[in-house]
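Work through the exercises below with the sequence and the model side by side. Each task is followed by a solution in steps.

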Amino acid sequence: MSQYDPCSSHAACSCFHMADDHESGICSDEFLNSCSELVPCNEQTNLCNEFDHKCLHHPRCYNHPVCYPVPSFNQQYCPSLTSRGQKRKTSVHADRVIQRKIKVDRRKSASTAKVEIESELGIIISEQTVRRRQHESGFMGRVARKKPYVDKLNRGKRIDVWYALSVLHRSFSGNPHLIFTHLDFYCEKNGSHHLACSLTETLLDFEAGGSLPVGYGNFTWTGATILNGATHGPMSGYHVVTCSGSYVIYTFGTITMQKIPTGTTFSLNSFLATAAWLDNLNLTISGRLSSTVIYSTNIILQVFSITVVNLNWSGIDTMTLTTSGGTKNVNVTGSGKHVAIDNMCVTY
């Protein structure tokens, strides 16, 4: 039998001559490996290092013998042409056309492939025959898994459950002043639900237009800038963290918020944060009373993941927030150690 002659009822199987004996060969799948994946045999022994590989000639790829995979189930996969059974209804060429079509489009149905093959080759073929050839080539039927539909009401309930669990966890945490969780796409962009403050808290959503007003929220702000995150490019943390309205605050250095009038205190309970451009951005937060640090923590932020920062720091008059570190996210175009913040909940 010549090199590459059909040797099996399976259309993908061809004859490969042995490296040390041109009169004998092995019937195996011609399409198991691409040429670039094949390695030469040992020049002295014509042996291969891998136990399920044989040293064979494959002149369509290389002039020298190569180690070609011959799996243990090869005899079942490439049954002999002498095997008894019904006469095969398709030619080798038709089998390869079927195989090629399903490789190009894994979602193509047998009925669609049948119509295309009959039109291209001018033959009559059944859907069942198409399926058999697909199965012989290792392509089995697949049905896309359906994602359960969750309506608008229940989406809100799921968010409420996450928030309730974070509050419950805070009650039992070894550090009662800090719990933060990473929830991808925690707030929905259609505005149906946000991380909301309780009835006893004040929400700072930064919906103040183009600039942060003096004394916004009864605080003196230093280093904070307002930005329209809703219209900002979606490939940034600014867009991701925008939950209520359109605006967020950001900095690439330090933000300081000090309660006014001087001498009064507040509680910083929670806020949403993302890194604008750098993954693994370090966010250092401290709470002061009369210039003395009484709370401090570090949080790692990502670009495409909202971090819900729950602090519950009470009795402070100043909060300072600083960024450092981080590595560039390959999917964004900007750079810099910028942090974006929205929906800050405070208590006076």
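**Exercise 1: Strand 13 and its sheet**

Asn282 stands opposite Ser324 in strand 16. The model is a predicted one, in which local features need pLDDT of at least 70, side-chain atom pairs count only at pLDDT 80 or more, and totals for chains, interfaces and linings use all residues. Residues are numbered from 1 along each chain as its sequence is written, and side-chain values use heavy atoms, with hydrogens and water left out.

Task: find which residue of strand 14 stands opposite Asn282, and place strand 13 in its sheet.

Step 1. Strands here are DSSP runs of E with at least two residues, helices are runs of H or I with at least four residues, and both are numbered from the N terminus. Two strands pair if DSSP finds at least two bridges between them.

Step 2. Strand 13 (residues 278–289) and strand 16 (residues 318–328) run antiparallel and are joined by 10 bridges. Besides the pair Asn282 and Ser324, Leu281 is placed opposite Gly325 of strand 16.

Step 3. Strand 14 is joined to strand 13 by 9 bridges, again antiparallel. In strand 14, Ile300 stands opposite Asn282.

Step 4. The link between strand 13 and strand 14 is a hairpin with 2 residues between them, and Ser290 in the turn has a positive phi of about 55°.

Step 5. The open sheet holds 5 strands in the order 8-11-16-13-14, with antiparallel pairing. Its edges are strand 8 (219–222) and strand 14 (292–301), each of which pairs on one side only. On average, neighbouring strands of this sheet are turned by 15° against each other, direction ignored; axes are lines fitted to C-alpha atoms, for helices over the stretch in contact, and angles run from 0 to 180 degrees between N-to-C directions.

**Exercise 2: Two packings of helix 4**

Task: state how helix 4 is oriented against helix 2 and against helix 3.

Step 1. Two packed helices are described by the angle between their axes and the distance between the axes. Angles under 35 degrees count as roughly parallel, over 145 as roughly antiparallel, 65 to 115 as roughly perpendicular and the rest as oblique.

Step 2. For helix 2 (residues 92–104) and helix 4 (residues 127–136), the angle is about 75° and the axes are 9 Å apart. The two are therefore roughly perpendicular. Asp95, Ile98 and Ile102 of helix 2 make the contact with Val130, Arg133 and Gln134 of helix 4; contact means heavy atoms within 4.5 Å. By class these are 3 nonpolar, 1 polar and 2 charged residues, where Ala, Val, Leu, Ile, Met, Phe, Trp, Tyr, Cys and Pro count as nonpolar, Asp, Glu, Lys and Arg as charged, and the others, Gly among them, as polar.

Step 3. Helix 3 (residues 110–121) packs on helix 4 at about 105°, with the axes 9 Å apart. This pair, too, is roughly perpendicular. Helix 3 contributes Ala110, Ser111, Ala113 and Lys114, and helix 4 contributes Glu127, Val130, Arg131 and Gln134. The contact divides into 3 nonpolar, 2 polar and 3 charged residues.

**Exercise 3: Backbone exceptions**

Task: which residues other than glycine have a positive phi, and where is a cis peptide bond found?

Step 1. Tyr4, not a glycine, has a positive phi of about 70° and belongs to the segment before strand 1. Tyr4 counts as buried because its relative accessibility is 12%; buried means under 20% relative accessible area, exposed over 50%, and partly exposed in between (1.4 Å probe, protein chains only).

Step 2. Asn343 has a positive phi near 50° and lies in strand 17 (residues 339–347). With 1% relative accessibility, Asn343 also counts as buried.

Step 3. The peptide bond from Ile260 to Pro261 is cis, with omega near 0°. Pro261 sits in the loop between strand 11 (254–259) and strand 12 (266–275).

**Exercise 4: A buried glutamine**

Task: is Gln99 buried or exposed, and which residues does Gln99 touch?

Step 1. Gln99 is part of helix 2, and its 8% relative accessibility makes it buried.

Step 2. Leaving aside residues up to four places away in sequence, Gln99 touches Ala12, Phe31, Ser137 and Phe139.

Step 3. For the whole chain, 43% of the 348 residues are buried.
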